[in-house]
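Reader: I am new to this structure. Please explain the terms as they arise.

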Amino acid sequence: MRSDPSAEAKRKGVAPPVERQGHMKHQIVRRLTPADAADYRALMLEAYAIVPDAFTSSVAEREALPLQWWESRISEAADAPELVCGAFLADELAGVAGLRFEQRERTKHKSTLFGMFVRPRCRGEGVARALVAEILGLAERSPATEVVQLTVTESNVPAVRLYESCGFETFGTEPFAVKLGDRFITKLHMWYRIGTTT
Ligand SMILES: CC(C)(COP(=O)(O)OP(=O)(O)OC[C@H]1O[C@@H](n2cnc3c(N)ncnc32)[C@H](O)[C@@H]1OP(=O)(O)O)[C@@H](O)C(=O)NCCC(=O)NCCS
């Protein structure tokens, strides 16, 4: 029997999953837990393989890591330094995005959105927009966070448009940010100031 995600969240004292109507399909967005580690790992290895220009990590680097590494990345601990949200379409993990909290006293007002990926067959349904909204909501509820930053490959038009449409602004351009074979990739640095929109 499947458990009720809202009741389960209440029992654990965490935010309940958010049900959203995407452009076409019904989707659930919720924070991943260590039980999702294998699905999360599979999705990210797919991401690194099919869009290498979008990520700093490579398949070889990440597939060598044990499952515990992925479990710790989605730990449910209250003081976890990072968390990952997943969007589910018909029970399938369709996309993910993470939020990493800075730990040092003078930089803990900042957090970083990382690891955004939506499976190709699930794109154009509002999945990424729902993930960004969820991540920004969590950042707003985190008492220390005042700024959310991210980096995005300059030529990645869908991702740049996504972030701009969610209120992020570019504050810098980093040439030679990533080296892929003998090619260099330029990254845009973007930020979102909590509390400045809606
Ligand atoms: C970028 C990505 C996450 C978008 O996912 P998605 O679920 O298809 O995006 P959504 O349907 O939520 O679209 C939200 C907005 O993003 C922008 N967008 C998405 N796809 C776009 C495209 N192909 N061209 C231009 N803009 C696009 C639009 O502003 C869109 O809003 P609109 O539908 O009102 O026009 C997805 O294409 C992806 O996973 N790409 C590969 C990985 C990647 O680039 N990750 C980002 C790393 S920084």
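Author: Ala, Val, Leu, Ile, Met, Phe, Trp, Tyr, Cys and Pro count as nonpolar, Asp, Glu, Lys and Arg as charged, and the others, Gly among them, as polar. The model is a predicted one, in which local features need pLDDT of at least 70 and side-chain atom pairs pLDDT 80 or more, while totals for chains, interfaces and linings use all residues. Residues are numbered from 1 along each chain as its sequence is written.

Reader: How do the residues of the shell around the ligand divide into nonpolar, polar and charged?

Author: The shell holds 12 nonpolar, 4 polar and 4 charged residues. A residue is near the ligand if its C-beta atom, placed from the backbone, lies within 6 Å of it. Of the 20 residues around the ligand, those that come nearest are Arg123, Ala128, Arg129, Pro158 and Leu162. With 6 residues, α6 gives the most to this shell.

Reader: Why is Thr107 called buried or exposed?

Author: A residue is buried if 20 or more other C-beta atoms, placed from the backbone, lie within 10 Å of its own, exposed if 12 or fewer, and partly exposed in between. Thr107 has 12 C-beta neighbours inside 10 Å and therefore counts as exposed.

Reader: What makes Asp91 exposed?

Author: Asp91 has 8 C-beta neighbours inside 10 Å, so it counts as exposed. The phi of Asp91 is near 70°, a positive value in a residue other than glycine.

Reader: Why does Phe176 count as exposed?

Author: Phe176 counts as exposed because it has 9 C-beta neighbours inside 10 Å. Phe176 also has a positive phi, about 60°, although it is not a glycine.

How values were computed: Helix = DSSP H or I, 4+ residues; strand = E, 2+ residues; numbered from the N terminus.
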